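Here's a walk through a two-part report you can read alongside the coordinates. Keep the viewer open as you go.

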Amino acid sequence: MKKKRTYNLSEKIIVVIIAVLCLIIIYPFYYVLIVSFSSVKALNTHVPYLLPYTIDLEGYKAVFQDKHMLSSLCNSIIVTVVGVALNMLLSLMGAYVLSKKTLMGRKLFLSLIIFTMLFNGGLVPYYLVVTRLGLKNVIWSMILPTGINTFYLIIMKNYFASLPQSLEESAKIDGANDIVILTKIIIPISMPFVATFFLFYAVERWNEWWNAMLFINKKSLMPLQINLREILINYSPQLATQAQLIISSNQKSNMQAVQMASIVVATVPIICVYPFIQKHFVKGVMVGSIKE
Amino acid sequence: MKKKNKKNTVIYILERINKDKLLYAMLLPVLIWYLIFCYMPMGGLSLAFKNYKFNMGLWKSPFIGFTHFKTMFADYDFWRAFKNTIIFSLGKLVLHFPTPIILAILLNEITRMRTKKVFQTVLTFPHFISWVVLSGILINMFGSTGIINNILQAMGLRTVSPLMSKSSFRPFIWISNIWKEVGWDSIIYLAALAGIDPTLYEAASIDGANKFQSTIHITWPSIRGTVAIMLILAVGSIMSSGASFDQVFNLYSAPVYSVADTIDTYVYRASFTVGLNFGYTTAIGFLKSIINMVLIVVANKTVKAMGEDGLL
């Protein structure tokens, strides 16, 4: 009986340690939240630790009145929707086909694809290829180059390969072709799996900033993350955005409410999507794939 | 006879393609994507041996052999970036690699499912936030008027600026990366741990083993395989995302270039800000990719020689 008591004690200690860790991890986000709701005046004199000094929606008003912010939000939404559609289309088709062991040339294709994970041309050749294709200052510059994530593709392929052959065989007897099998049988059965990658890709597209940085300099096409980058990191009084004009001060501390409000606005979609990721993902997706 | 065999093979191939024509049709766009965005840039590596001139384009630019590589070996900035990349990656291997494993082992001890799930949710959250946002938060919190310095001043201590100081920038990168990724990285280890048969632990405790002993003799052998694969991936990324480009790029600034500049950030600045010859920066990228590939292959072979399943 004594052994059981000590076991519980060690578990309790672990819970405390991890709880502290969680607080440390969460606090910066909490801080963002409270600053975003603080009034600019209060931020000048006080730094809020746990609660905002005065609750004010100034930051959010400035964010939503900024035309540049709204257009970049739209751009990110378009990039995410179209991008994920392309991602899922290519990944599902590719993974399904490559999971068919009887396909001629399968090993060759797989080696060629996996090779791209080991070796790539580097930044400059990539830049040159994409721009020579005309993908400069076009919305497709942010969508096409990120068409497939090889890592996800391989995991999906392994998963499809693990599904029972009988599914496909009985469908073929009923006269279904491969496209029908994929769309009407395989995908519905693999829904949690497919949903997980849908969400992973969605978060990736939403966080897109690198291709925009390389290929876009038209302000009207910039996605949210680039806009955020200007507000948060590249802050410069010369970039007279609407938000700055509204607050009209050079002090960085006055921008804080606006900065933090922008962060919240950019992160809310991820927070909304996050519980669904958690729900579907914990089905041991990773274990099965790595074992193969 | 030979002619007949050739004809048969060709017919055989065509027959198989025809049988699976829908499959090949589905695969085609995928292959085209890889061709355009992965293999065509590889073809562009020939730039590393040319003196790139904008008006002549890639094919017509003059060939200069290994000149760029000679320049590279004499380039102080390149070696600095190379050194920093290695230091960042080694630090990451030592500091960052073990933490998700330890966290997973700790989390696995928690029996109440709900607590475990709540912890997992919180810990995994920062992984989905981009470095653009996280850098904004960190720059704000650790800035001269930020909350951290506020607290320090209130306690009567000196203010700090970790992002501007050469001695603290690297540790800051390591720690903030752990903060962002430890939850996510621990998932794969947790999955491996979940597959361990609980009766093994019961049998061990009946035999008189304490927690520590059962961790070494039961837990560790069961996750060894996973650790091996993750280690290969980590070693393979020494040259690149050892210090994640996104992270360094968004957090660094001129005062800390000497400790923070990595190969990737150097190539970016050299190509687009400073305006060095594209052929030169391609050569740097080329070298980096080769080292990368060698590292993965070596790591994979080493792990296989030690008895675990490799990645390739």
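What follows covers how far to trust the model, each chain, and where the chains meet.

## Ground rules and confidence

This is a predicted model, so local features need pLDDT of at least 70 and side-chain atom pairs count only at pLDDT 80 or more, while totals for chains, interfaces and linings use all residues. Residues are numbered from 1 along each chain as its sequence is written, with chains lettered from A and ligands numbered from 1 in the order in which they are written.

A word on pLDDT: it's the predictor's confidence in each residue, from 0 to 100. Chain A averages 82, and 86% of its residues score at least 70. Among the elements of chain A, H4(A) has the highest mean pLDDT, at 93, and H15(A) the lowest, at 44. Residues 236-242 of chain A drop below 50, and that stretch has nine contacts in the model beyond near neighbours in sequence. Residues 284-292 of chain A also stay under 50, with 18 contacts beyond four places in sequence. A contact here is a pair of residues whose C-beta atoms, placed from the backbone, lie within 7 Å.

## Chain A

Chain A has 15 helices and zero strands. Both element types are DSSP runs numbered from the N terminus: helices are H or I with at least four residues, strands are E with at least two. Of its 292 residues, 36% count as buried. Buried means 20 or more other C-beta atoms within 10 Å of the residue's own, exposed means 12 or fewer, and partly exposed is in between, with C-beta atoms placed from the backbone. Among contacts in chain A between residues at least 6 apart in sequence, 75% join residues at least 24 apart.

Two spots deserve a look. Helix H8 (residues 165-173) of chain A is hardly covered, with zero buried residues among its nine, and H8(A) is followed by Gly175(A), which has a positive phi near 90 degrees. Asn137(A) also has a positive phi, about 55 degrees, although it is not a glycine. Asn137(A) sits in the loop between helix H6 (123-132) and helix H7 (150-161) of chain A, and it counts as partly exposed because it has 13 C-beta neighbours inside 10 Å.

## Chain B

Chain B comes to 16 helices and zero strands. Its radius of gyration, taken over C-alpha atoms, is 26 Å, well over the 20 Å that the globule rule gives for 312 residues, so chain B is more spread out than a compact globule. That rule is 2.2 Å times the number of residues to the power 0.38. The C-alpha atoms fill a box of roughly 75 × 55 × 35 Å along the principal axes. Chain B is divided into domain 1 (2-49) and domain 2 (67-305), with bounds from an automatic or database domain assignment. The C-alpha centres of the two domains lie 38 Å apart.

In helix H6 (residues 98-108) of chain B, the buried residues include Ile101(B), Leu103(B) and Leu107(B). The face turned away from the buried side of H6(B) carries the exposed Pro98(B) and Ile102(B).

## Where A meets B

Here, 62 residues of chain A are in contact with 67 residues of chain B. H1(A) gives the most to chain A's side, with 11 residues. By class, that side has 41 nonpolar, 16 polar and five charged residues. Nonpolar covers Ala, Val, Leu, Ile, Met, Phe, Trp, Tyr, Cys and Pro; charged covers Asp, Glu, Lys and Arg; the others, Gly among them, are polar.

Note on methods
Contact = placed C-beta atoms within 7 Å.
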